[in-house]
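Please read the following report alongside the sequence and the coordinates. It moves from single positions to the chain as a whole.

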Amino acid sequence: MSDSRRSMPLRCRRLDNVIDDDIRYRAVDSRDARFDGVFFTAVTSTGIYCRPSCPAVTPKRVNCTFYPSAAAAQHAGFRACRRCRPDSVPGSPEWNQRADLVGRAMRLIGDGVVDREGVAGLADRLGYSSRQLQRQLTAELGAGPIALARARRAQTARLLLQTTALPVTEIAFAAGFASVRQFNDTVREIYDRTPSGLRAEVAAGRRAATPAGGLALRLAYRGALDSDHLIDFLALRAVPGVEEVVPGPGPGVRTYRRTLGLPYGTGIAEVDGLGTDRPATRGWLDCRLFLTDLRDLPTAVQRLRVLFDLDADPVAVDEQLGADPLLGPLVRARPGLRSPGHVDPHELAVRAVLGQQVTVGAARTLAGRLAEKYGTALPEPSGGLRLLFPTAAALATADPEDFAMPAARRRALTGLCAALAEGAVRLDGGVDREEAAAQLLALPGIGPWTVGYLRMRALADPDVFLPSDIGVKHGLLRLGAPGDPKSAALASGAWAPWRSYAVHRLWAAPADDLSTRTENTPA
């Protein structure tokens, strides 16, 4: 790298469509971590590809080729840099914001749909032919769905090789490879190492330090992250037996723990907040996963990333909201606030209905009762975790008398669960958000607030505003602004396309005891 570093203009964000190769090279020259995961730099003189923030010496401009995905660089014959590990960068925030075919496909590929259902299954979920899907992904990302899924498998393999003592054969199939030969060839091609050579790069002591029966890993993020907000938000809504927040390792660290229902089995996830001695820009959260089937590793990681909104671009979000006269002081006081998603959209949908017109605490209690009655018990309890949240199918046939709520809301909950169980309504990352919203609104008892809340969290839509939400109203009033829905909706126009983050800013505005507040109620 050259000694002269130039800062990127703040107006040049990764979500802009005007970034050309000159701007990309300037990002590489300044080691701008904001662009990690947005593009990758391949160096023709060395045959390797890197993230923009790689600390190595800046290559000459003439030797640089830029690719929109790691898979595209791998397909072109470049190997991953062993110094900056470009395969482990945060995902592009573009896939959260975009609602087109490519954005929807990338969310499903990240969740492992290609490994489980093949390209045909992915195309069927998206409503396109396999040929159309291949053409669009290749045109925009330089790689088709198979290559993108292969890059994801290679990253999983490296993680398992370097953090566990599992036999190589076991790792090959756990990472999703069809054969050991395919696994060996892929690792050599991408990392220029045999699997055993890749494992030898990490000291055995580090692998021995992993938790018994589990995996220790880092969840990367970019920019600043307000982990206190995330842990507070999740702790307030933690369903007994399913979720809990406990003291973690280190000063002021709190750990969020929850059970996971996954495609091949079950799991328990533990994610540590940053605590008092770790900067908000540390770059990763410590995580531990305990899985009954290692094939679920990449899916579990992706769902935790969605839950903690780790692929967001906080610089772009905070720059826009921070310039607003109303929200600016809140942004400057707490940079890096995220918009939490969820690990299970069906669970969130149930909890959103349970929370209609009651306090957060009451909604949590109702959810806990249903989990006790209809949830699946773990083979072995772990701390306060004993249950998987009930499936939509289980609740669709449940006794309505077990729903301690008004009759109209019981019917709404039963109807929603039936629609989810039958597939009449889908809430996975590959759905068209507008279509899903229309399907939800057509169900009895599902109104605009519930639909907006599900878009914001279940579908990870960054631009949702809830003008009728009581918490939003209270937040606006605390800032001295009108809190009625019409005024709130008008004010929110200045916050697009980051209105989901504005909602969280208003919810997190200084207030009295939040556990007694009535929202429309975020579950």
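Val464 sits in the loop that runs between helix H21 (448-457) and helix H22 (470-478), in what is a predicted model. Although a loop residue, Val464 counts as buried, because its relative accessibility is 7% and the limit for a buried residue is under 20%. Leaving out residues up to four places away in sequence, Val464 touches Gly452, Arg455 and Met456, and also Arg499, Ser500 and Val503. Between the C-alpha atoms of Val464 and Ser196, which are 268 residues apart along the chain, the separation is 47 Å.

A cis peptide bond is found between Ala496 and Pro497, with omega at about 5°. Pro497 belongs to the loop between helix H23 (485-492) and helix H24 (499-507). Helix H24 also takes part in covering the buried residues of helix H14, as does helix H15 (328-333). In H14, which spans residues 314-322, the buried residues are Pro314, Ala316, Val317, Asp318, Leu321 and Gly322. As a general point, an α-helix has 3.6 residues a turn, so residues three or four places apart point the same way.

Where is Val353 placed, and is Val353 buried or exposed? Val353 is part of helix H16, and it is buried, with a relative accessible area of 0%. Its contacts, neighbours within four places in sequence aside, are with Arg409, Ala412, Leu413, Leu416 and Ile446. The C-alpha atoms of Val353 and Thr450 are separated by 7.1 Å, although these residues are 97 apart along the chain.

The contact with Leu413 leads on to the nonpolar interior. Apart from residues up to four places away in sequence, Leu413 touches Val350, Val353, Leu354, Leu370, Phe403 and Met405. The largest nonpolar core has 116 residues, and the members that touch the most other members are Leu289, Leu304, Phe308, Leu413, Leu440 and Tyr453. Another core, of 21 residues, lies apart from it and includes Val102, Leu108, Val114 and Leu141. In soluble globular proteins, nonpolar side chains tend to be buried together.

Several loop positions can be set side by side, with the relative accessibility of each.

| Residue | Loop between | Relative accessibility |
|---|---|---|
| Asp36 | helix H1 (21-29) and strand E1 (40-43) | 4%, buried |
| Arg82 | strand E4 (79-80) and helix H3 (94-97) | 44%, partly exposed |
| Asp192 | helix H9 (180-191) and helix H10 (195-200) | 38%, partly exposed |
| Gln357 | helix H16 (345-354) and helix H17 (360-374) | 56%, exposed |

Two of these loop residues deserve a look at their backbone: Asp192 has a positive phi of about 55° although it is not a glycine, and Gln357, also not a glycine, has a positive phi of about 65°. Gln357 counts as exposed because its relative accessibility of 56% is over the 50% limit.

Arg82 is in contact with Tyr191, Arg193 and Glu201, when residues up to four places away in sequence are not counted. For Arg82 and Tyr191, which are 109 residues apart along the chain, the C-alpha separation is 7.5 Å. Asp36, by contrast, can be paired with a remote position: Asp36 and Leu477 are 441 residues apart in sequence, and their C-alpha atoms are 38 Å apart in space.

What does the chain as a whole come to in helices and strands? The secondary structure comprises 24 helices and 11 strands. The protein chain is as compact as a globular protein of its length, because its radius of gyration of 23 Å is close to the 24 Å that the globule rule gives for 523 residues. Taken along the principal axes, its C-alpha atoms fill a box of roughly 70 × 50 × 50 Å.

Buried residues account for 56% of the 523 residues. Of the contacts between residues at least 6 apart in sequence, 68% join residues at least 24 apart. The accessible surface of the protein chain is about 20,800 Å², and carbon and sulfur atoms hold 54% of it. The chain carries 66 positive and 57 negative charges, and the mean positions of these two sets are 4 Å apart.

Definitions and conventions
Residues numbered from 1 in each chain as written. Predicted model: local features only at pLDDT ≥ 70, side-chain atom pairs only at ≥ 80, totals over all residues. Heavy atoms only, no water. Helix = DSSP H or I, 4+ residues; strand = E, 2+ residues; numbered from the N terminus. Rg over C-alpha atoms; globule rule 2.2 N^0.38 Å. Buried < 20%, exposed > 50% of the residue type's maximum accessible area, 1.4 Å probe, protein only. Contact = heavy atoms within 4.5 Å. Areas by Shrake-Rupley, 256 points an atom, 1.4 Å probe, with all protein chains shown as cover. Lys, Arg positive; Asp, Glu negative; His and termini not counted. Charge placed at Lys NZ, Arg CZ, Asp CG, Glu CD. Core = buried A, V, L, I, M, F, W, Y, C linked by side-chain atoms within 4.5 Å.
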